[in-house]
Amino acid sequence: MNFIQTRGYDETKPKTVTFSEAILAPIASFGGLYVPEKLPELGEEFLTKHLNSSYKELAKDMLNRFEIDIDSDVIDEALALYDAFDDAKNPVPVVKVKENLYISELYHGPTRAFKDMALQPFGVVLSSIAQKRNENYLILAATSGDTGPAALETFKNRANVQVACLYPNGGTSDVQRLQMVTEDAKNLKVIGINGVFDDAQNALKRLLASEEFKKALKEKSVSLSAANSVNFGRIIFQIVYHIHSYLELVRQGGITMGEKVYLNVPSGNFGNALGGYYAAQMCVPVEKIVISSNENNVLTRLINSGKYDLRDSEVVNTTSPAMDILKSSNIERILFDMFGDVRTRELMESLESQNFYELTADELTKLQECFAADFCNGDEGKAYIKNIFNNENYLMDPHTATCMKSYETCSSPEIKTIAYSTAEWTKFSPVIANALTGEVDAQDIIALESIAKEANLEIPAMVRGLFTKPVVQDTIINKEDIEKEILSFL
Ligand SMILES: *Cc1c(COP(=O)(O)O)cnc(C)c1O
């Protein structure tokens, strides 16, 4: 299958590209994105066929239907990484929390957050494409805490790929920082920046666009790529778990085959929700996709008013930092799917030049046929964490907790909800400890201990081990020195 472009075709890039090409250079004409020419039509037949399949069997068949230019043995190797999740037989457990609410846990991989779902197999696929072409790639990542550890973990010691990962020094949780600075491999460089996440992100954007930097890389025979969530190589793996979660509900007797469900997704860059949208187009019976935001609620405002408005918006820091995003990149693929490339280009150019776009009334109606949304602030989130722990004995992280508000306000109780849990409690422990016991500003290790005691849980060995693992990545620099630092690492 070939991939086409969300903002049309500018006559300089190829009109269509293969999956490999879309992975290596994810930005299309006019700054757009690549999307599949046509989604595979799978239907209920596919669901029935896979009712008793393993996660990997389901994933393999779904990927095959996309007819991508990746060898079958590479796909097998990529999917085999799910065997290292907590339960090799079921990497994504779906847990019934109450009568009509199920939680699909996407955090059972090596870095305890849902980024592993896509980045784990993506690392194998990208490295294999690079080897096949006999090319070397530098992956640049800027992280507020979850993408960095997941990217380092997946590319560690992989051939033909090096990673430079920028994080704001002091701007991540202890666990997230330790996950990065204890990663020991020759092809990884972790760089702390004296600054905030935006400084790291802006430095990355500047380097990705800099001809001078690309020239310096070329002299070292290195090309530049990015592993951010606009990459379709990540999105494709995020369709699978939505299909899997639906099948789990059927298997558990929560629904009968064909019954509609809500998919409730804590959203930032909209990769997870987009995976759900594609799954719904392909085969999963979905009543609506419910988008959950935190105080950075641009997506909620878009879905409720038709206006994407950044004119008076600034990113605020919240208790769910992986969702502290204003320019939510993957919504562009929804615009394309619903309104076509001409209109998408018009809307995205308006966003870039005016910091604003507005859908027509008809367009908004169409969007609301598929999506509903609400946002949840930090205090509300903490109250949900405490109440659901006390009443249902289920412990959730602050990102997942944003779903509980929209579950109440956007869904009708007679239709079952699958909400997605995107991080383990160990990753955002100070907020959870605060919610459960009222303690404030605890360091991660203290918060972990108090949650473990309160909830009668073990701190997972891999998390506890981080606190005694040697720090091998100790570079902390000013943002002016990033380029020099990366070039000297290569
Ligand atoms: C990345 C992330 C999200 C947001 O996911 P998107 O696909 O960007 O919408 C939510 N929660 C956690 C814990 C994350 O790491």
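I began with the side chain of T402 in this predicted model, and found one of its polar atoms 2.7 Å from the backbone oxygen of H399. T402 belongs to helix α17, which covers residues 398-410. I then looked up its accessibility: the relative value is 3%, and because buried means under 20%, T402 counts as buried.

Next I asked which residues T402 touches beyond those up to four places away in sequence. I noted P266, S292, S293, N294, S320, M323 and C376.

Two of these contacts, S292 and S293, led me to strand β10, which spans residues 286-293. I found that 6 of its 8 residues are buried, so the strand is largely enclosed by the rest of the structure.

I followed the pairing of β10 next. Strand β9 (residues 261-266) runs parallel to β10 and is joined to it by 6 bridges, with V265 having I291 as its bridge partner. Between these two strands the chain passes through helix α12 (residues 271-282), and I recorded this β-α-β crossover as right-handed. I also saw β10 pair in the parallel sense with strand β13 (residues 371-375) over 5 bridges, where D374 is the bridge partner of S292.

Finally I turned to the nonpolar cores. The largest has 141 residues, and M62, I243, Y278, Y357 and F371 are those with the most contacts inside it. Apart from this core I noted another, of 20 residues, with L138, A200, V222 and I486 among them. For Y278, leaving aside neighbours within four places in sequence, I listed contacts with V35, P36, L39, F232, I235, I239 and R333.

Note on methods: Residues are numbered from 1 along each chain as its sequence is written. This is a predicted model: local features need pLDDT of at least 70, side-chain atom pairs count only at pLDDT 80 or more; totals for chains, interfaces and linings use all residues. Side-chain values use heavy atoms; hydrogens and water are left out. Helices (H or I, at least four residues) and strands (E, at least two) are DSSP runs, numbered from the N terminus. Buried means under 20% relative accessible area, exposed over 50%, partly exposed in between (1.4 Å probe, protein chains only). A polar contact is a pair of N or O atoms within 3.5 Å; within protein, one must be able to donate a hydrogen and the other to accept it, and residues adjacent in sequence count only if both atoms are side-chain atoms. Contact means heavy atoms within 4.5 Å. A nonpolar core is a set of buried Ala, Val, Leu, Ile, Met, Phe, Trp, Tyr and Cys residues joined through side-chain atoms within 4.5 Å. Two strands pair if DSSP finds at least two bridges between them. A crossover is right-handed if, with the strands pointing away from the viewer, the path from the first strand over the helix to the second runs clockwise.
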